[in-house]
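Here's a quick tour of two ligand sites and a couple of residues worth a look. Have the model open as you read.

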Amino acid sequence: MSTQNGGRGGHIINVASIAGLLSSIPAAPMYAASKHGVVALSRCLGHAMHYKRHGVRVNALCPSFTDTDIINVTEDSMGKDYWMVPKTFEKLGGLLPVSTVVEGFLQLVEDDTQNGAVMRVTLAKGIDYKQYREDL
Ligand SMILES: NC(=O)c1ccc[n+]([C@@H]2O[C@H](COP(=O)([O-])OP(=O)(O)OC[C@H]3O[C@@H](n4cnc5c(N)ncnc54)[C@H](O)[C@@H]3O)[C@@H](O)[C@H]2O)c1
Ligand SMILES: CCCCC/C=C\C=C\[C@H](O)C/C=C\C/C=C\CCCC(=O)O
């Protein structure tokens, strides 16, 4: 894919999570840490410096709780804090439909001005971008 290797460039959209932006998810420390890592990796590789070398855009997509199988956690799959998952999304007003996340994904595909950006998808605010200070 890299133009440096004779490829045509491209676009990588990493599926992170809103868990990769929140300061703490006590019920799922490894999940939160891995998603923070995905956000950081996407922002680094989405820098103009890498785009110049490889011609590959990189974004992170950060949805909140969405109506897929992953939210059907059990004590066996997640440990004794599993009950916090439905409690949290019920408090938020429910689950995002998959179609809203797909809408965000397609927006990223179509908008080539957002290299390195981190998109959030939540019930409360819909689709938006996390704002970062450019010098940090
Ligand atoms: N559903 C949500 O609430 C939500 C919100 C934010 C981000 N995400 C992220 O979206 C992505 C997709 O999840 P989803 O919501 O579609 O859930 P899902 O359960 O429908 O899909 C997860 C898929 O990953 C596969 N999988 C699990 N472990 C694997 C492994 N070790 N190797 C290869 N495949 C493996 C499963 O078989 C399944 O097909 C995940 O990265 C998840 O963290 C989900
Ligand atoms: C509690 C984490 C469980 C991890 C695995 C199960 C489902 C994963 C879901 C998503 O990645 C979202 C994870 C955590 C979101 C927590 C709070 C969201 C609050 C933000 C908001 O929607 O406004």
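How far is an oxygen atom of ligand 1 from an N or O atom in the side chain of Lys 35? The distance to that Lys 35 side-chain atom is 2.9 Å. Before going on, some housekeeping: this is a predicted model, where local features need pLDDT of at least 70, side-chain atom pairs count only at pLDDT 80 or more, and totals for chains, interfaces and linings use all residues. Residues are numbered from 1 along each chain as its sequence is written, chains are lettered from A and ligands numbered from 1 in the order in which they are written, and side-chain values use heavy atoms, with hydrogens and water left out.

Back to ligand 1. Its surroundings consist of 13 residues (those with a heavy atom within 4 Å of it), and Ala 16, Tyr 31, Lys 35, Thr 66 and Thr 68 are the closest. By class, that shell holds 7 nonpolar, 4 polar and 2 charged residues (Ala, Val, Leu, Ile, Met, Phe, Trp, Tyr, Cys and Pro count as nonpolar, Asp, Glu, Lys and Arg as charged, and the others, Gly among them, as polar).

Ligand 2 also has 13 residues around it, with Ser 17, Ile 18, Tyr 31, Ser 64 and Phe 65 coming nearest. Here are polar contacts of both ligands (pairs of N or O atoms within 3.5 Å):

| Ligand oxygen | Protein partner | Distance |
|---|---|---|
| ligand 1 | Thr 66, backbone | 2.7 Å |
| ligand 1 | Ile 70, backbone | 3.2 Å |
| ligand 2 | Ser 17, side chain | 2.6 Å |
| ligand 2 | Tyr 31, side chain | 2.5 Å |
| ligand 2 | Ser 64, side chain | 2.6 Å |

As for cover, the protein takes up 85% of the 600 Å² of accessible area that ligand 2 has on its own (Shrake-Rupley method, 1.4 Å probe).

Ser 17 deserves a second look. This residue sits in the loop between strand S1 (10–15) and helix H1 (29–45) (DSSP runs, at least two residues for a strand and at least four for a helix). Ser 17 counts as buried because its relative accessibility is 7% (the cut-off is under 20%, 1.4 Å probe, protein chains only). Its side chain also reaches the backbone nitrogen of Ala 19 at 2.8 Å.

Now for Asn 59, in strand S2 (residues 56–63). Asn 59 is buried too, at 0% relative accessible area, and a polar atom of its side chain lies 2.6 Å from the backbone oxygen of Gln 114.

Notes
A polar contact is a pair of N or O atoms within 3.5 Å; within protein, one must be able to donate a hydrogen and the other to accept it, and residues adjacent in sequence count only if both atoms are side-chain atoms. Buried means under 20% relative accessible area, exposed over 50%, partly exposed in between (1.4 Å probe, protein chains only).
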